[in-house]
Amino acid sequence: MISTILEQVRADLPNLQGPLPGPRARAIIERDARVVSPSYTRSYPLVARKGEGAIVEDVDGNRFLDFTAGIAVVATGHCHPRVVEAIQKQAARLIHMSGTDFYYEELVALAEKLDEISPGDVPRRVSFGNSGAEAVEGAIKLARYATGRDKIIAFFGSFHGRTMGALSLTSRRAVQRARFGPLIPGVIHTPYPYCYRCPYGQTPDHCAVECVKHIEDTLLKTIAPPEETAAIVVEPVQGEGGYIVPPQKFFDELARVAAENGILLVLDEVQSGMGRTGKMWAAEHFGIVPDIFTVAKGIASGMPLGATVARADLMTWPPGAHASTFGGNPVACAAALVTIELLQHELVENARVMGAHLMERMRQWPARFPLVGDVRGLGLMLGIEIVRDQATKEKAAVWRDRVVTLAFERGLLVLGAGDNTLRLCPPLVISRDQCDFALDTLEACLKQVIAEA
Ligand SMILES: Cc1ncc(COP(=O)(O)O)c(C=O)c1O
């Protein structure tokens, strides 16, 4: 008894002080409601004050285990000391000069590093922006410029960002596009290989890669002729759409169709890249070498940075064709260089090992919990699909949301993805104990939702 009372609060696990939200959090949320755009989607009242590793502390001193990583961003954990040091040193020396008009070494060094670690043995050039959406804008513009073609094939359920070009590819939810049109012309959507809910009603055994057949036999022969189609843009693991992992044969076929028709293969690695899947790039799981790929989120451990990385022979646009004042600013580049070093040193491997550890237990969940329809993912990009009935696969968005809320109330931060999927995307520094805490907590939440149903 006494030993329980005296037991030290573990700094690497959650610790809640009282009912949530606490008084300070409530006051800030009230202020937020008056002045901040109501278009933001907050799932629960977390008001963050500081972060360390995988722990986030709120303004009332409650400590949470962060299995969101600020939406798959803080790859090296919150405020990794090496990243903080790099940012502080760089900020004291040079915060901004604009790589658009001048040179500085940090930008060159990061482009060299991205060239070095890019998938495939292909020389690369890099154009920097400040976000995932900007990286996608750069990819759309470059694909059109390099091919002289205007059409772009994208996938249903995809999320590529919210600026007008990226939004034209995004097709995750109607609310993201409603009343913003007309969007850019020439974008054609096609079904994503969502095998748990195959758009063609197939089972994995009978799959004839109908998703790619549709592109080859229908789109390219009707509304997207190859001589007019610049690119196929695809997330190698669909992120916001529900953490969906396509089968190998999808990528084999997609790469073949793209190559045979001179269409560029553009991979959006904004969420799946930077080690999250247990390899530096999700592309490496499938052995695909993109012509262009986009990077953001995890690249700089939370500093705003995006990159459009292309085959060097494609990126031949002239001075003035594309640039950004802030893109690749020295502080973000310094953070990115240290982030990549830490990823290469041990964190990509930790993502693989911890992902396997989580999956080992989660794999049994469909057999243990009737509301878990599917468990899937790569590395630390894991999705749990919540259904009303495993046989009908009816989506249970309300139950998914309830799990998210219950987890928060127990000190675990998770978010949804897709209509009814729970996503786990912790920082890549996560430990085994923290994974076990998350698993125990989620199991308790699943049980409670079953009891309440
Ligand atoms: C795959 C993918 N691409 C692009 C974006 C847009 O990134 P940002 O919000 O930084 O503009 C996201 C964001 O979730 C994403 O998941």
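In this predicted model, a good place to begin is the pairing of strand 12 (residues 381-386) with strand 15 (residues 421-424), which run antiparallel and are joined by 4 bridges. Within this pair, Gly 383 of strand 12 faces Arg 423 of strand 15. Both strands belong to an open sheet of 4 strands, arranged in the order 11-12-15-14 with antiparallel pairing. The edges are formed by strand 11 (372-378) and strand 14 (415-417), each of which has a pairing partner on one side only. From one strand to the next, the twist averages 30°. Helix 12 (residues 330-362) packs on this sheet, where it touches strand 11, strand 12 and strand 15. The direction of helix 12 makes about 20° with that of strand 12.

Helix 12 also meets another helix. Its axis and that of helix 5 (residues 105-117) come within 9 Å and cross at roughly 35°, and the crossing is left-handed. On the side of helix 5, the contact is made by Glu 106, Leu 107, Ala 109, Leu 110, Lys 113 and Ile 117. Helix 12 contributes Pro 330, Cys 333, Ala 334, Ala 336, Leu 337 and Ile 340. Sorted by class, this contact holds 10 nonpolar and 2 charged residues, with no polar ones.

Stepping back to the whole chain, the protein is divided into domain 1 (2-72 + 363-452) and domain 2 (82-343). The centres of the two domains, taken over C-alpha atoms, are separated by 28 Å. Their contact draws 19 residues from domain 1 and 20 residues from domain 2. On the domain 1 side, the elements giving two or more residues are helix 3 (69-72), strand 11, strand 12 and strand 15. The sheet described above thus reappears here, with strand 11, strand 12 and strand 15 on the side of domain 1 that touches domain 2. The residues on that side comprise 8 nonpolar, 6 polar and 5 charged. Helix 3 has a backbone feature of its own: Ala 72, which lies in this helix, has a positive phi of about 60° although it is not a glycine.

Attention now turns to the ligand. It is surrounded by 14 residues, and the closest are Ser 131, Gly 132, Ala 133, Gly 161 and Val 270. The most is given to this shell by helix 6 (residues 132-147), which supplies 3 residues. In terms of class, the shell is made up of 5 nonpolar, 6 polar and 3 charged residues.

A further antiparallel pair is found in strand 1 (residues 48-52) and strand 2 (residues 55-58), again with 4 bridges. Here Lys 50 has Glu 57 of strand 2 as its bridge partner. The two strands form a hairpin with 2 residues between them, and in this hairpin Gly 53 takes a positive phi near 60°.

Finally, cis peptide bonds deserve a look. One joins Leu 20 and Pro 21, with omega of about -10°; Pro 21 sits in the loop between helix 1 (2-6) and helix 2 (23-35). Another joins Gly 181 and Pro 182, with omega of about 0°. Pro 182 is located in the loop between helix 8 (174-177) and strand 6 (187-190).

Technical notes: Residues numbered from 1 in each chain as written. Predicted model: local features only at pLDDT ≥ 70, side-chain atom pairs only at ≥ 80, totals over all residues. Pairing = 2+ DSSP bridges. Axes fitted to C-alpha atoms, helices over the stretch in contact; angles between N-to-C directions. Contact = placed C-beta atoms within 7 Å. Near = placed C-beta within 6 Å. Nonpolar A, V, L, I, M, F, W, Y, C, P; charged D, E, K, R; others polar. Domains from an automatic or database assignment. Left-handed = near helix turned anticlockwise from the far one by under 90°.
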